[in-house]
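Biologist: Got a minute to walk me through this one? I'd like to see the sequence and the fold before we start.

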Amino acid sequence: MSTASTRLPEGRYGRPSDERADRKLKIAGSVLGAVLLALIGYFAYHYVAENEISAQVIAFKASDDAVQVHLEVHKDAGASGYCTLRSQSSDGAEVGRADFRFSGSATRIDKVVTLRTTARGTTAQLLGCHTG
(Lines give C-alpha, C1' and ligand atoms only; values in the text may rest on other atoms or scores of the structure.)
Protein backbone atom coordinates (compact mmCIF):
# COMPACT_ATOMS: atom_id res chain seq x y z
CA MET A 1 0.00 0.00 0.00
CA SER A 2 1.20 3.42 -0.84
CA THR A 3 0.32 6.63 0.94
CA ALA A 4 -1.07 9.61 -0.91
CA SER A 5 0.92 12.81 -0.88
CA THR A 6 -0.71 15.82 0.86
CA ARG A 7 1.27 18.37 -1.14
CA LEU A 8 -0.43 20.11 -4.03
CA PRO A 9 1.00 19.41 -7.47
CA GLU A 10 3.50 22.06 -8.59
CA GLY A 11 2.05 24.78 -10.85
CA ARG A 12 -1.46 23.35 -10.82
CA TYR A 13 -3.19 25.85 -8.52
CA GLY A 14 -1.08 28.94 -9.08
CA ARG A 15 1.66 30.18 -6.86
CA PRO A 16 1.11 30.54 -3.12
CA SER A 17 0.01 33.97 -1.94
CA ASP A 18 2.72 36.39 -1.08
CA GLU A 19 2.61 36.83 2.72
CA ARG A 20 4.32 40.20 2.52
CA ALA A 21 1.63 41.56 0.17
CA ASP A 22 -1.09 40.23 2.50
CA ARG A 23 0.56 41.96 5.44
CA LYS A 24 0.75 45.28 3.54
CA LEU A 25 -2.93 45.04 2.62
CA LYS A 26 -3.87 44.36 6.25
CA ILE A 27 -1.84 47.38 7.42
CA ALA A 28 -3.33 49.63 4.73
CA GLY A 29 -6.86 48.47 5.61
CA SER A 30 -6.26 49.09 9.31
CA VAL A 31 -4.91 52.60 8.66
CA LEU A 32 -7.83 53.49 6.38
CA GLY A 33 -10.30 52.12 8.92
CA ALA A 34 -8.72 54.18 11.72
CA VAL A 35 -8.81 57.33 9.57
CA LEU A 36 -12.49 56.74 8.72
CA LEU A 37 -13.34 56.18 12.38
CA ALA A 38 -11.51 59.38 13.39
CA LEU A 39 -13.35 61.34 10.68
CA ILE A 40 -16.74 60.08 11.85
CA GLY A 41 -15.83 60.95 15.44
CA TYR A 42 -14.75 64.46 14.41
CA PHE A 43 -18.03 65.20 12.60
CA ALA A 44 -20.11 63.68 15.41
CA TYR A 45 -18.33 65.81 18.01
CA HIS A 46 -18.83 69.03 16.04
CA TYR A 47 -22.48 68.22 15.40
CA VAL A 48 -23.21 67.63 19.08
CA ALA A 49 -20.79 70.01 20.81
CA GLU A 50 -21.16 73.03 18.56
CA ASN A 51 -24.92 72.88 18.15
CA GLU A 52 -25.84 75.91 20.26
CA ILE A 53 -29.58 75.72 19.65
CA SER A 54 -32.07 72.89 19.96
CA ALA A 55 -35.84 73.10 19.92
CA GLN A 56 -38.98 71.03 19.83
CA VAL A 57 -42.65 71.51 19.11
CA ILE A 58 -44.59 70.75 22.28
CA ALA A 59 -48.11 71.17 20.87
CA PHE A 60 -50.02 72.96 18.13
CA LYS A 61 -53.56 74.09 17.45
CA ALA A 62 -54.79 74.69 13.91
CA SER A 63 -57.45 77.09 12.68
CA ASP A 64 -58.53 78.03 9.15
CA ASP A 65 -55.84 80.67 8.61
CA ALA A 66 -53.17 80.04 11.27
CA VAL A 67 -51.49 77.45 13.45
CA GLN A 68 -50.63 78.24 17.07
CA VAL A 69 -47.36 76.43 17.87
CA HIS A 70 -45.99 75.90 21.40
CA LEU A 71 -42.23 75.98 20.80
CA GLU A 72 -39.55 75.21 23.37
CA VAL A 73 -36.01 76.36 22.56
CA HIS A 74 -32.81 75.47 24.46
CA LYS A 75 -29.75 77.55 23.64
CA ASP A 76 -26.48 78.83 25.01
CA ALA A 77 -26.67 82.01 27.09
CA GLY A 78 -26.37 85.02 24.82
CA ALA A 79 -26.87 83.05 21.61
CA SER A 80 -29.34 84.44 19.11
CA GLY A 81 -30.86 82.75 16.12
CA TYR A 82 -34.04 81.56 14.49
CA CYS A 83 -36.16 78.45 14.10
CA THR A 84 -38.03 77.59 10.91
CA LEU A 85 -41.54 76.15 11.20
CA ARG A 86 -43.89 74.94 8.51
CA SER A 87 -47.41 73.64 8.25
CA GLN A 88 -48.95 71.30 5.70
CA SER A 89 -52.54 70.66 4.71
CA SER A 90 -54.15 67.22 4.80
CA ASP A 91 -53.08 66.55 1.20
CA GLY A 92 -49.40 67.30 2.03
CA ALA A 93 -49.19 70.72 0.40
CA GLU A 94 -47.25 73.34 2.32
CA VAL A 95 -49.63 76.05 3.50
CA GLY A 96 -47.31 78.07 5.72
CA ARG A 97 -43.65 78.60 6.55
CA ALA A 98 -41.97 81.17 8.77
CA ASP A 99 -38.79 81.89 10.72
CA PHE A 100 -39.13 82.86 14.36
CA ARG A 101 -36.22 84.83 15.83
CA PHE A 102 -35.05 84.82 19.42
CA SER A 103 -32.20 86.34 21.41
CA GLY A 104 -31.28 87.23 24.95
CA SER A 105 -29.48 85.68 27.87
CA ALA A 106 -32.12 83.05 28.73
CA THR A 107 -31.06 79.48 28.03
CA ARG A 108 -34.64 78.19 27.75
CA ILE A 109 -37.39 79.91 25.78
CA ASP A 110 -40.93 78.58 26.04
CA LYS A 111 -43.14 80.47 23.62
CA VAL A 112 -46.37 80.14 21.65
CA VAL A 113 -45.93 81.50 18.14
CA THR A 114 -48.48 82.02 15.38
CA LEU A 115 -47.77 80.61 11.94
CA ARG A 116 -50.03 82.19 9.32
CA THR A 117 -51.33 79.74 6.69
CA THR A 118 -53.01 80.02 3.30
CA ALA A 119 -55.39 77.13 4.11
CA ARG A 120 -56.16 74.95 7.11
CA GLY A 121 -52.93 73.38 8.33
CA THR A 122 -52.91 69.90 9.85
CA THR A 123 -49.27 69.81 10.98
CA ALA A 124 -46.69 71.98 12.68
CA GLN A 125 -43.17 70.87 11.81
CA LEU A 126 -39.89 72.23 13.11
CA LEU A 127 -37.52 72.25 10.14
CA GLY A 128 -34.50 73.39 12.12
CA CYS A 129 -32.86 76.07 14.22
CA HIS A 130 -29.78 78.10 13.35
CA THR A 131 -27.60 80.72 14.97
CA GLY A 132 -27.31 84.12 13.43
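**Hairpin, sheet and core**

Biologist: Through how many residues does a hairpin join S1 to S2?

Modeller: First, the ground rules: this is a predicted model, where local features need pLDDT of at least 70, side-chain atom pairs count only at pLDDT 80 or more, and totals for chains, interfaces and linings use all residues. Residues are numbered from 1 along each chain as its sequence is written, and side-chain values use heavy atoms, with hydrogens and water left out. Strands are DSSP runs (E, at least two residues), numbered from the N terminus. S1 (residues 53–62) and S2 pair in the antiparallel sense over nine bridges (pairing takes at least two DSSP bridges), and the hairpin joining them runs through three residues.

Biologist: In S5, what is the bridge partner of valine 67?

Modeller: S5 covers residues 108–116, and S2 pairs with it in the antiparallel sense over nine bridges. Within S5, valine 67 has as its bridge partner leucine 115.

Biologist: How many of the 10 residues in S2 are buried?

Modeller: Buried means under 20% relative accessible area (1.4 Å probe, protein chains only). S2 spans residues 66–75 and is mostly covered. The buried count is seven.

Biologist: Which element gives the largest share of the largest nonpolar core?

Modeller: A nonpolar core is a set of buried Ala, Val, Leu, Ile, Met, Phe, Trp, Tyr and Cys residues joined through side-chain atoms within 4.5 Å. The largest one has 14 residues, with Val69 and Phe102 among those with the most contacts inside it. S2, S3 (81–88), S4 (94–102) and S5 each give two or more residues. The largest share, four residues, comes from S2.

Terms used. Buried means under 20% relative accessible area, exposed over 50%, partly exposed in between (1.4 Å probe, protein chains only).
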